[in-house]
Amino acid sequence: MASLKALRARITSVKSTRKITQAMKMVAAAKLRRAQLAAEAARPYAERMERMLASLGASVAGSPDAPKMLVGTGSDKVHLLVVVTGDRGLAGAFNTNVSRFARTKIRELEAEGKTVKVLSVGRKGATFLKREFGSRIVGEISFQGKKRVDFGDAQAVATRVTEMLEAGEFDVCTLVYNRFRSVISQVPSAQQMIPAMLPATSATAAPTGPQALYEYEPSEEEILATLLPQNLAIQMYRAILENAAGFFGSQMTAMDNATRNAGEMINKLTLNYNRTRQANITRELIEIISGAEAV
Amino acid sequence: MATFQLELVSPEKLLLSRAVEMAVLPAAEGEMGVLPGHAPMIVTLRGGVIAVTEGGQITERLYVAGGFAEVTPDRCTVLADEATPVAQLSKAGAEARLKEAEAAYAASGSETPERRDAVMAKLLAARVAVSVAEAA
């Protein structure tokens, strides 16, 4: 049995761990609220962008010189996966889940004989994927040290992807990220970005529908040429924001569990400590009494 | 006077959503006034000021750094890359951005024409920002 001193030391150490996890939980909860607000604030823009893209895309998609970003390069040999993960750990299975999901995806694609390239956004995913797919990683982007990720950061990532597309470095681009379903549930999901998946309405809308009546200034092609990269950026921005919200949600849950576990551990250790203390007293008493009887 | 619904959104938030009488947009090919019943249009915007008229007076002026606008007879949606009310535009901030844009433009000599155009558009938007901030 451990000595009293050792037990006391362990109790103090677990108590301070509990203090830390409790503080981290509070911080994560506060940041979660902010991240959720930011994710919600980005929604109107994304919705309207989608609507505009639907009406534009429907009118251009048929033409042979439609931009690559909309219709793809015509082949699907080289896949680019943009994997969005957290920059920090201590958030339960958050980073592992999305990284594993990406790993399965990469294996699937490679089994089909496709070439895979990985662009990692977030430090944790990069470390995970590097072990197995080190040679496929074409870039790493991290927002570590930034207080808040703004639209400009997302735009920088999107520009990078656009440049790669223009250089013909990939055919299909898929975004892998943790979709924020609720505070306690984040679902790793994949979303194809290039060729752009137009919202379902555009496919069903007849060419004579109200969308076909728009006038364009400058031409449709020119607008589309700026709108598509912008759409890419906003999708990226949304993924990054949802990732941030999911991260804090996951961290909050993980820290809540850790706090509870620490509490249980303290109870057990305290019980153990008290029993040991009593056993010691009893033993000493027996020693004294039996000593006195012997005399 | 008749009104239409004007919505101004930036990636970071919804800035404006209400019924107005007229809005003047800095469209890529010149200023464009939008009144209720305007023909459906999709236009790109350059850096400039959106002026909102309500009750016969300009009630709001917002600087946008570029973006898109979708106009329908009863609605106008502006997707701005970045939007700030003119009163909140800081002159120092705008000048810093202009310097940055000028440096980027000077460095873009060897880039593709498309990239140069993008940098040029940023530079022009920054110039407008400075002049607007000065006037305000």
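This is a short talk about how chain A and chain B meet in a predicted model, and about a few local details in each chain.

Okay, some housekeeping. Residues are numbered from 1 along each chain as its sequence is written, chains are lettered from A and ligands numbered from 1 in the order in which they are written, and side-chain values use heavy atoms, with hydrogens and water left out. Since this is a predicted model, local features need pLDDT of at least 70 and side-chain atom pairs count only at pLDDT 80 or more, while totals for chains, interfaces and linings use all residues.

Let's begin with the interface. Chain B puts 27 residues into the contact and chain A puts in 26 residues; contact here means heavy atoms within 4.5 Å. Between them, the two chains bury about 2,300 Å², and 61% of that is on carbon and sulfur atoms. Buried area is the accessible area, taken with a 1.4 Å probe, that two parts lose on being put together, summed over both.

How many salt bridges cross the interface of chain B and chain A? The rule finds 2, where a salt bridge is a side-chain nitrogen of Lys or Arg within 4 Å of a carboxyl oxygen of Asp or Glu. A:Arg48 forms a salt bridge with B:Glu7, and their closest N and O atoms are 2.8 Å apart. There are also 10 residue pairs in polar contact across this interface, both residues at pLDDT 80 or more. A polar contact is a pair of N or O atoms within 3.5 Å; within protein, one must be able to donate a hydrogen and the other to accept it, and residues adjacent in sequence count only if both atoms are side-chain atoms.

So which parts of chain B touch chain A? The elements giving two or more residues are strand 1 (4-9), strand 5 (41-45), strand 8 (67-72) and strand 9 (75-80) of chain B. Strand 8 gives the largest share, 5 residues. For the words themselves: helices (H or I, at least four residues) and strands (E, at least two) are DSSP runs, numbered from the N terminus. By type, this side of chain B divides into 15 nonpolar, 4 polar and 8 charged residues. Ala, Val, Leu, Ile, Met, Phe, Trp, Tyr, Cys and Pro count as nonpolar, Asp, Glu, Lys and Arg as charged, and the others, Gly among them, as polar.

Here's a nice bit: strand 6 (residues 215-217) of chain A is joined to strand 5 of chain B by 3 bridges, and the two run parallel. Two strands pair if DSSP finds at least two bridges between them. A:Glu217 has B:Val43 as its bridge partner. Look at A:Glu217 again, since the peptide bond from there to A:Pro218 is cis, with omega near -10 degrees. A:Pro218 sits in the loop between strand 6 and helix 8 (220-294) of chain A.

Another cis peptide bond joins A:Ile194 and A:Pro195, with omega about -5 degrees. A:Pro195 is in the loop between strand 5 (185-194) and helix 7 (200-204) of chain A. And in helix 8, A:Asp256 forms a salt bridge with A:Arg260, with the closest N and O atoms 3.0 Å apart. Those two are 4 residues apart, about one turn of the helix.

Last stop, chain B. Strand 6 (residues 48-54) and strand 7 (residues 57-64) run antiparallel, joined by 7 bridges. They form a hairpin with 2 residues between them, and B:Gly55 in the turn has a positive phi of about 60 degrees. B:Val64 in strand 7 stands opposite B:Gly48, and B:Val64 also stands opposite B:Ala83 in strand 10.
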